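Open the model in your viewer and keep the selection tool ready. This tour goes stop by stop.

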Amino acid sequence: MKIGAISDLHIDRHPKLNAQHYLDTLVDVVIKREIELLVIAGDISNDYRQVIQFINDLKEKLNIPILFVPGNHDLWSDGTDKSSQEIFDIYTQQDACLIKQPYIIDDEWAIVGHIGWYDYAFANGKFSLEKLERGKHYGATWQDKVRMDCDMTDKALSLQAAQQVEADIERVGTRKMILVTHIVTHPAFVVPTPHRIFDFFNAYIGTKDFNYIYDSYNIQYSIMGHVHFRKTLTEKSVHYLCPCLGYQRQWRTDNISQEINHALMDFTI
């Protein structure tokens, strides 16, 4: 089976193109690449209603399994009629969402996924926990702090996500696993430092709470998003993929077809 992975589509952020352009282009690329199962690792839109519509439209146009995990942007509640927790619960009720619903491919392979969350592990140690919890640095604010309404701390959310993934892994038995998270789980994928801004803001890129999962279970592929890099790494027999499309200002060209084709990563199992 040929599996395709992409993340950070941000279909509502292009200055000229709309969601339909993203949909039509992604469908075209998936068909041309002969992808047999598509995974989206979060950050589709800032509005949960548009996220769900986009997933449903993909399912209608592509006669293949479509799976996703939400990203942090997908949980933003401002401008919507729901709280972040309500939005999260709505996602978990979608057939395509991997959270609490591991996908069994066959007797040998399964896909497990969760948004994950950040635990500040990748920030420079000079910053206090209090400052990291505020999310403000050099006049900039990490937008989750103002666009989400959540009673739990980031560290608690990160640990909860890892625990849910472990519970889902236990449900798939001894199968080889493809792990999908939005949040980065390997330090090689954070913004390189020293960096005036990301010495601090790397706190919100990744987590170490998944380390024991890689050590304890048969993870063969790890698909991540969030950081807006396109990068791969193989370490200790785990193939890490970060297939981020990202914002239009981060693209190498102005051609959405070329960019989606470049961002989409595939592998065969």
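The stops below cover the core, one helix residue and the cysteines of this predicted model.

**Stop one: the core.** Select Ile40, Phe54 and Leu58. These residues have the most contacts inside the largest nonpolar core, which has 79 residues. Now keep Leu58 and show its neighbours. Leaving out residues up to four places away in sequence, Leu58 touches Leu23, Leu26, Val27, Leu38, Ile40 and Ile66. Ile40 is thus on both lists: a contact of Leu58 and one of the residues with the most contacts in the core.

**Stop two: another core.** Select Ile3, Ala5, Leu37 and Tyr221. They are among the members of a second, separate core of 18 residues.

**Stop three: a helix residue.** Go to helix H2, residues 48-61, and pick Gln53. Is Gln53 buried or partly exposed? Its relative accessibility is 45%, so Gln53 counts as partly exposed. Next, draw a C-alpha to C-alpha distance from Gln53 to Ile260: 19 Å in space, with the two positions 207 residues apart in sequence numbering.

**Stop four: the cysteines.** How many disulfides does the structure hold? Zero. Select Cys242 and Cys244 to see why: their sulfurs are 3.7 Å apart, too far for a bond, because a disulfide needs sulfur atoms within 2.5 Å. Cys244 has the closest cysteine sulfur to that of Cys242. Cys242 is buried, at 0% relative accessible area.

Finish at Cys150. The closest cysteine sulfur is in Cys97, 16 Å away, so this pair is too far for a bond. Cys150 is partly exposed, at 37% relative accessibility.

Terms used:
Residues numbered from 1 in each chain as written. Predicted model: local features only at pLDDT ≥ 70, side-chain atom pairs only at ≥ 80, totals over all residues. Heavy atoms only, no water. Buried < 20%, exposed > 50% of the residue type's maximum accessible area, 1.4 Å probe, protein only. Core = buried A, V, L, I, M, F, W, Y, C linked by side-chain atoms within 4.5 Å. Contact = heavy atoms within 4.5 Å. Helix = DSSP H or I, 4+ residues; strand = E, 2+ residues; numbered from the N terminus.
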